[in-house]
Amino acid sequence: MSKYFFLCLIALSFLTSMAQTKHDSLDIKRWKITGTNSLTGNQSSFNNWQIGGTSNLTINARINYDFNYQKKGWNWDNKLIAAYGFNRQKKNSTKKTDDRIEINSILAKPIRQDWYFSAYLNFQTQFDKGYDPKDEFKTLSRFASPIFLQFGPGFLWKKHDDFKINFSPAATKFIFVHEKFTKDGKSFSVEQNETERIEFGASIYVYYRFKILENITIENILGTYANYIENTKNVDFDYQLNIDLKVTKYITTNINYQALYDNETFGALQQKQSVGVGVKYTIN
């Protein structure tokens, strides 16, 4: 049910955003709110097509919002990314193509120009069930299992809202999974018959967004984590590249790429990419 809830949520945000005037979106003194709602898809249909082909439908929904707050020297930057997509083929089951909930939050107090004391939080989970690539009937994950949670104090270098680097030398990382997934062994590095794992290490978060042309925006998000206690030579990372090519005010092409490495969870590089054309609405 969670996947349908998200698709309804993004549809509702489209309607409320498009009904909102520019004055309404900026009539908040201390908050700067920007964001995009996008819905992309692809459909192919075959009927008596002799060289072969399978009818299919792919839909991807995504929201990407920044909520930045400033008051009396305090800065509180928040980013929310949520995405869900699926592919349905004729005579076959529906399979998801994207599934992500991520929140990045940094609270900062200025030290000197462009430098801040900071406290950061990163939260990641998913909407829907995930299945073993080798066994499509074996469930490996579900809504809120796993949950990845990181937080810690540190230092923030911030040139502006679109270019910032946060370093935390004392970062705590939690991994939570449902008990059903650890009955027969490890799940997302959580030991058998356990429901959580705790790590302590250092974290770096980099955010850089820029325009190469008036209608092309490139967003880079990089998170790294080094465990002080186990496998200290390994550095886990999560890199996201999001490219928006604006065709008209409401039509866009989205290119999304993600590279993920977590030595404890999988131990190999994971990659995902998608390209879609669809409807997009921006609040700025």
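**Close-up 1. D98 and its surroundings in a predicted model.** Leave out the residues within four places in sequence, and D98 is in contact with N60, R62, A83, Y84, G85 and K272. One of these partners, K272, also shares a polar contact with D98, side chain to side chain, at 2.8 Å. D98 itself sits in strand 4. Is D98 buried or exposed? D98 counts as buried because its relative accessibility is 12%, and the cut-off for buried is under 20%.

**Close-up 2. The largest nonpolar core.** Here 11 residues come together: I81, I106, A108, Y116, Y120, L156, A171, Y205, Y207, I221 and Y225. Which strands each supply at least two of them? Look for strand 4 (94-112), strand 5 (115-125), strand 10 (196-213) and strand 11 (216-227). Now pick out I106: skipping residues up to four places away in sequence, I106 touches N75, W76, D77, S118, A119, Y120, L156, N166 and Y205.

**Close-up 3. A second core, separate from the one above.** This core has 10 residues, and among them are Y65, A82, Y84 and I101. You've already met Y84 as a contact of D98.

**Close-up 4. A nonpolar patch on the surface.** I111, W115, F117, F155, I165, F167 and I204 make up this patch, which covers about 610 Å². Strand 5 and strand 9 (163-176) are the elements that give two or more residues to the patch. Take W115, which is found in strand 5. W115 has a relative accessible area of 40%, so it counts as partly exposed: that value lies between the under 20% for buried and the over 50% for exposed.

Technical notes:
Residues are numbered from 1 along each chain as its sequence is written. This is a predicted model: local features need pLDDT of at least 70, side-chain atom pairs count only at pLDDT 80 or more; totals for chains, interfaces and linings use all residues. Side-chain values use heavy atoms; hydrogens and water are left out. A nonpolar core is a set of buried Ala, Val, Leu, Ile, Met, Phe, Trp, Tyr and Cys residues joined through side-chain atoms within 4.5 Å. Buried means under 20% relative accessible area, exposed over 50%, partly exposed in between (1.4 Å probe, protein chains only). Helices (H or I, at least four residues) and strands (E, at least two) are DSSP runs, numbered from the N terminus. Contact means heavy atoms within 4.5 Å. A polar contact is a pair of N or O atoms within 3.5 Å; within protein, one must be able to donate a hydrogen and the other to accept it, and residues adjacent in sequence count only if both atoms are side-chain atoms. Patches are made of residues with over 30% relative accessible area and no salt bridge: like charges are joined within 9 Å, nonpolar side chains (Val, Leu, Ile, Met, Phe, Trp, Tyr) within 5 Å. Accessible areas come from the Shrake-Rupley method with a 1.4 Å probe; for residues, only the protein chains shown count as cover. A salt bridge is a side-chain nitrogen of Lys or Arg within 4 Å of a carboxyl oxygen of Asp or Glu.
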